[in-house]
Amino acid sequence: MEHKRSFLILIGGAEDKTGKKEVLKKVMEISGAKTITVVPSASSYPDEVFRGYEYAFRDLGASNIYNLDIRYADEAGREEYSTMIDKSELIFFGGGDQVKLVEIFAGTPLLEKIKERFNNGTLCVAGTSAGAAAASNPMLYDGDYKGFHKGSVCSGSGFGFLEEITVDTHFLNRERISRLVQYLSAGNSSKGIGLDEDTAIIISPDLQFEVIGSGMVTLINADRVTYSNYEEVENNQMYSVNNLRMSFFSAGTVFSLKRWVVLKNTEIKK
């Protein structure tokens, strides 16, 4: 069966942009991109973010790098931004605040164009930190270091490049296991992926992913939970949950999101 959608590359943040650039090098290899659109809109320092990726991608062989720095949703209708998407083989969503990023792009014709090209296999999508969290749907935010206290983690709609699975970033680096556990315990979704810094998953059109980078990828699955008192406890109280399934994957692991199993002797290729 032929799969039309493109590759989706999700990075846990803080990827190397000045040294060997192993994660970004793989992004370039998988996308085959010569023309790239970088979206720094989630950041409070968009110019600095863009310059960092402009340097890295030029060093890795990109010819044209566009800065799609939208601050407000009403700017998304500008023809110049639509032209950037038309000309690009890769769009790269940078880090910052995923809520801000989604508020800017949600419901705009520009996002619809990006999703249309992604879904017909002509535009590779990558995101790091907030850009990776926003790529999934549903999306989580807030609650760092308070994840076992009910009500500390918030939810919203993401872009939906990856549906029914929630992505969290800077995962083990910022001790976010409890944040994702609460999100799943609250019933927002049943499956979550935690990405460490300088670590990514390359999701192929048939929904298999390969782990790359220097850290770990954590998977949490709540579809076999046998007990949870999350609904009974009050906000700010701690809750209990039993029988979550957890997995920890290092670089080179290949996994099927459809079957939820590790695939052996397989490598994701362009």
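In the predicted model, the buried residues of helix α3 pack against three strands, β2 (35-39), β3 (64-67) and β4 (90-93), and against helix α5 (109-119). Helix α3 spans residues 79-87, and its buried positions are Tyr81, Ser82, Met84 and Ile85. These residues lie on the same side of α3, because the arc that they cover around the axis is only 155 degrees. An α-helix has 3.6 residues a turn, so residues three or four places apart point the same way.

Helix α1 (residues 22-31) is largely enclosed by the rest of the structure, since 7 of its 10 residues are buried. The buried residues of α1 are Val23, Leu24, Lys26, Val27, Met28, Ile30 and Ser31. Gly32 follows α1 and has a positive phi, near 60 degrees.

Further along the chain, four strands form an open sheet with mixed pairing, in the order β10-β11-β14-β17. The edges are occupied by β10 (166-168) and β17 (245-249); each has a single partner strand, so one side of each is left without a neighbour in the sheet. On average, neighbouring strands of this sheet are turned by 20 degrees against each other, direction ignored. The pairing of β10 with β11 (residues 191-195) is parallel and comprises 3 bridges. Val167 has Ile193 of β11 as its bridge partner. Helix α7 (residues 177-185) lies across β10, β11, β14 (217-221) and β17, and runs at about 165 degrees to β11.

Key: Residues are numbered from 1 along each chain as its sequence is written. This is a predicted model: local features need pLDDT of at least 70, side-chain atom pairs count only at pLDDT 80 or more; totals for chains, interfaces and linings use all residues. Side-chain values use heavy atoms; hydrogens and water are left out. Buried means under 20% relative accessible area, exposed over 50%, partly exposed in between (1.4 Å probe, protein chains only). Helices (H or I, at least four residues) and strands (E, at least two) are DSSP runs, numbered from the N terminus. The arc is that of the directions from the helix axis to the C-beta atoms. Contact means heavy atoms within 4.5 Å. Two strands pair if DSSP finds at least two bridges between them. Axes are lines fitted to C-alpha atoms, for helices over the stretch in contact, and angles run from 0 to 180 degrees between N-to-C directions.
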